[in-house]
Amino acid sequence: MTDSVIVGQYVETYSIFHRLDPRTKLVSIMILMLSFLMLGTGLSYAVATFFVIGILLLSKVPIQFFWRGLRPLLFILLFTFMYNAVFTKGTIILWSWSFIEVTEEGLRTGLRFVWRIVLLILLASVLTLTTKPLDLAYGLEKLLAPLSKMGVPVEQFSLMIVIAIRFIPTIKEELDRILLAQKARGYDLTALSLPKRIFAYVPIIIPLLFTTIQRAEQLSYAIDARAYGNGTGRTSYRVLQFQQMDYLAGGIALLFAVILLWLKIGKV
């Protein structure tokens, strides 16, 4: 079960993205995600897809790893597709029953929504898979540093975001452990029917919340023991510096956003 969680995990490979400054990756990924909002034509979707595939290959993270991460979201993606296919009004009706109508425009809208969500998930996964949590927190802290002059607790906010991301696979591990403990006692949830299985997960929430709060408390004690405080004035062994490769990566992301904007304006 934890193998299907890719958000919050780090995979050590010697790739270009692993060597990039975390600030470069954060800004570039943000630019790419915002540029995906301009996707409208089939050509723009094709260009974005090939670009994301190129990023996945350059990251040197196995493609099967990304597929395992998408599997838990298949139900949500299917629901999104069906919702748009049924409730999007159109002129070309492909199938109808009572008040339900499936139109060609609805199918296209649903496909585009699902396509865009998959691209966004893959981009976010590349960021977390190629960046260590501490580096990600440090990069986010440096990007938000100007806000500290306005009294914003940037250091605490950056650490909170990264810990929340890192806790996702940890919570899944705890869920697996609880399910294995119940299975060892002869209570196998997979043998139940779907309605009974949904209600059977309700008692699991209590021990899961208890262990999660316990881990969070232990983490807070560890942070206090290291005299982290509010994070203000904290130094770092590794000083972030932009390299030529960082400027090149940021320029490529900006150029890609301009290309998508041109495709949207030109309706190509």
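Select Ala48 to begin: this residue is buried, with a relative accessible area of 0%, where buried means under 20% relative accessible area, exposed means over 50%, and partly exposed lies in between (1.4 Å probe, protein chains only). Ala48 lies in helix α3, and helices here are DSSP runs of H or I with at least four residues, strands being runs of E with at least two, both numbered from the N terminus. The model you are looking at is predicted, so local features need pLDDT of at least 70 and side-chain atom pairs count only at pLDDT 80 or more, while totals for chains, interfaces and linings use all residues. Residues are numbered from 1 along each chain as its sequence is written, and side-chain values use heavy atoms, with hydrogens and water left out.

**Around Ala48**

Now show the neighbours of Ala48: not counting residues up to four places away in sequence, Ala48 touches Phe36, Leu39, Leu119 and Phe256, a contact being heavy atoms within 4.5 Å. For Leu119, which is 71 residues away from Ala48 along the chain, the two C-alpha atoms are separated by 8.0 Å.

**The aromatic rings**

Next, select Phe36, Phe51 and Phe256, which ring pairs link into a cluster. Rings of Phe, Tyr and Trp (its six-membered ring) pair if their centres lie within 6.5 Å, and planes under 30 degrees apart count as stacked, over 60 as edge-to-face and the rest as tilted. The structure holds five aromatic pairs, and one of them is the stacked pair of Phe51 and Phe256, at 4.1 Å centre to centre with 15° between the planes. Phe51 lies in helix α3 (residues 42-59) and Phe256 in helix α11 (residues 244-266), so this pair ties together parts that are 205 residues apart in sequence. Phe51 is partly exposed, with a relative accessible area of 23%, whereas Phe256 is buried at 4%.

Then move to Phe242 and Tyr247, whose ring centres are 5.9 Å apart with the planes at 45°, so the pair is tilted. Phe242 counts as partly exposed at 38% relative accessibility, and Tyr247 counts as exposed at 57%.

**Charges over rings**

Keep Phe242 in view and add Arg23, whose charged end sits over the ring of Phe242, 4.0 Å from the ring centre. A charge is said to sit over a ring if NZ of Lys or CZ of Arg is within 6 Å of the ring centre and within 35 degrees of the ring normal. Tyr14 offers another example, since the charged end of Arg19 sits over the ring of Tyr14, 4.7 Å from the centre of that ring.

Tyr14 itself is found in the segment before α1 (16-19) and is exposed, with a relative accessible area of 64%. Leaving aside neighbours within four places in sequence, Tyr14 is in contact with Arg19 and Lys60. Select Lys60 next, in the loop between α3 and α4 (63-70); this residue has a positive phi of about 60° although it is not a glycine. Most residues other than glycine have a negative phi.

**Helices α7 and α8**

Two packed helices are described by the angle between their axes and the distance between the axes. Select helix α7 (residues 133-143) and helix α8 (residues 154-184), whose axes come within 9 Å and cross at roughly 145°; the axes are lines fitted to C-alpha atoms over the stretch in contact, and angles run from 0 to 180 degrees between N-to-C directions. The contact is made by Pro133, Leu136, Ala137, Leu140 and Glu141 of α7, together with Val154, Glu155, Ser158, Ile161, Val162, Ile165 and Arg166 of α8. Colour α7 by burial as well, and the buried residues are Leu136, Ala137, Tyr138, Gly139, Leu140 and Glu141, which pack against α2 (22-35), α6 (104-129) and α8.

**One stop in α6, then the whole chain**

Glu105 lies in helix α6 and is partly exposed, with a relative accessible area of 25%. Add Asn84, 21 residues away from Glu105 along the chain, and the two C-alpha atoms are separated by 9.1 Å.

Finally, show the whole protein, where the secondary structure comes to 11 helices and two strands and buried residues make up 34% of the 268 residues. Among contacts between residues at least 6 apart in sequence, 74% join residues at least 24 apart.
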